[in-house]
Amino acid sequence: METIRWGIVGAGRMAGTFAGDFAFVPGAELSAVAARDLGRAEEFARRHRVPQAFGDYRSLLESDVDVVYIANTHPQHHGVALAAIAAGKAILVEKAFTASLAGTREVVRAAQTAGVFAMEAMWTRFLPAFAAAREVVAWGRIGEVLGVSGDLCAHRPYDPTDRLWDPDLGGGALLDLGVYVVSAAQAFLGESRQVMCVGRFAPNGVESAAAITIGYASGATASLSCGFDVHGAGRLTVHGTKGWVEIHPRFHHPTTISVHRSGVLPRIIEAKAVGRGYAHEIMEVGDCLRAGHQQSQVMPLADTVEVMKVLDECLAQLGRPRQEAAPES
C-alpha cells in the first residue's frame, strides 16, 4: 500500500483544520469529502483541492478511499462508523468517539469482528511533547504515579443554534473538552473505578462546565475540569512519589513539558509538532495500515472504551441524555 487514500465525512471546522495537515504527510492523499449539503462538500473540495465531493457518506464509502475520517457531529459518528466498517474501510473517528458508551462498544465490536482498523482521533496522544511526558513517567523519573490534575476551558458565547451548545448534536463541555482531560488522565492512570461529576448548565440544559473526580484501580486519583463558560490555562500535571511532570499550556497541543524532582533543577523538554499537529495521527494510521495492524498501540480501542465509560457516567450524573443519531437512509 504505497499511497493511502483518505475520505472525510463532514465539512465543518474540524474537518477543514485536519485537511490542512495532509500536506505534511508523504504517502497520504485526501481524495474525497462528503457532507449532507452537497454544495458545502463541493466548496470544501475546492478549498482543499479534493478531487471528489459527495452529498452523502454512503456514496463516499462506494469510492476507492482506504480510510474514512469521521468528523461530523458526535451522535452521527456511530452510524457512519458502522457503515464504513461494513464497507471494509478503515476508520479514524473524531473524539468523542460516539455519544454513548453503548455506541462506542458497538463500533469497537464491529471493527474487531470485521478485522477493520479503527482508531479514535485523539491527536494529543501522538504529539511529540505529550509522548515525551509518557516516556518520562514510564522510565520512573517521578516514581509511582498517584495522580493527575488538569483543566481545559475554552470560553464560547452561548448560542443554542451552535453545534457546541445544541443537545441534539452532542453539544456540551464534556464531549468537546472533557474528553481531552479524561483521555489524558487515562493515558497515565489506566482503568477507572469511581467517577464523581458536578456541573453548571446553560439555559437549554446543556452542561457549560464540569468538574470530575476519578478513582482508579491502582489507587491513583484525578481531579479534572472543563468549561465553555470560563477561561483557563489548559494545564496538566502528573503527580508521582518522587516528583511531577507538568505539560505546559495548552496541554492538548503542547510543545513544552517540565520534569520536577525533589532536590533537582527542573528539566525542560521542548518538542515541536509537524504542521498543526494533526499530521502525527495521520502518520500513525498510515503506519498501522501498512503494518497490517487493526488498532494503534498509542491509542488502543480499550483506552477509547475506558474514556467513554467515564464520560458516559459523567453525563448520567448530570442528567444528560446519551443517545446516538438515527442512521441516515
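In this predicted model, residues 4–119 are 43% helix and 23% strand, and the C-alpha atoms at the two ends of the span sit 16 Å apart. UniProt, in an unreviewed entry, labels this stretch "domain: Gfo/Idh/MocA-like oxidoreductase N-terminal". A couple of backbone details turn up here. R49 has a positive phi, near 55°, even though it is not a glycine; this residue belongs to the loop that links α2 (38–48) to β3 (52–54). Further along, the peptide bond between K95 and A96 is cis, with omega at about -5°. A96 falls in the loop that runs from β5 (90–94) to α5 (101–114).

Next comes the second annotated stretch. The same kind of record, again an unreviewed UniProt entry, gives residues 130–246 as "domain: GFO/IDH/MocA-like oxidoreductase". Here the chain is 22% helix and 38% strand, with 10 Å between the end C-alpha atoms.

As for the strands, eight of them make up an open sheet with mixed pairing, and reading across it gives β8-β9-β10-β7-β11-β12-β13-β14. The edge positions go to β8 (192–201) and β14 (264–270); each has a single partner strand, so one side of each has no neighbour in the sheet. On average, neighbouring strands are turned by 10° against each other, ignoring direction. Inside the sheet, β7 (residues 145–153) pairs with β10 (residues 221–227) in the parallel sense, over seven bridges. Within this pairing, D151 stands opposite S225 of β10. There is another cis peptide bond to point out, between P249 and R250, where omega is about -10°. R250 is found in the loop between β12 (243–247) and β13 (256–261).

Now for the helices. α9 (residues 301–317) lies across two strands of the sheet, β8 and β9 (207–216), and runs at about 45° to β8. α9 also meets α7: their axes come within 10 Å and cross at roughly 130°. That angle falls short of the 145 degrees above which a pair counts as roughly antiparallel and is beyond the 65 to 115 range for roughly perpendicular, so α7 and α9 are oblique to each other. Their crossing is right-handed. From α7, the residues in contact are L174, L175, G178, V179, V182, S183 and Q186, and they meet D303, E306, V307, M308, V310, L311, C314 and L315 of α9. Sorted by class, this contact has 10 nonpolar residues, three polar ones and two charged ones.

α7 (residues 173–189) has a contact with α6 (residues 128–138) as well. The axes of these two helices come within 10 Å and cross at roughly 30°. With angles under 35 degrees counting as roughly parallel, α6 and α7 are therefore roughly parallel to each other. This crossing, too, is right-handed. On the α6 side the contact is made by F130, A133, R134 and V137, and on the α7 side by A184, A187 and F188. By class, that comes to six nonpolar residues and one charged residue, with no polar ones.

Key
Residues are numbered from 1 along each chain as its sequence is written. This is a predicted model: local features need pLDDT of at least 70, side-chain atom pairs count only at pLDDT 80 or more; totals for chains, interfaces and linings use all residues. Side-chain values use heavy atoms; hydrogens and water are left out. Axes are lines fitted to C-alpha atoms, for helices over the stretch in contact, and angles run from 0 to 180 degrees between N-to-C directions. Helices (H or I, at least four residues) and strands (E, at least two) are DSSP runs, numbered from the N terminus. A crossing is left-handed if the near helix is turned anticlockwise from the far one by less than a right angle, and right-handed if clockwise. Contact means heavy atoms within 4.5 Å. Ala, Val, Leu, Ile, Met, Phe, Trp, Tyr, Cys and Pro count as nonpolar, Asp, Glu, Lys and Arg as charged, and the others, Gly among them, as polar. UniProt positions are given in the numbering used here, feature names are shortened, and annotations may be inferred rather than shown by experiment. Two strands pair if DSSP finds at least two bridges between them.
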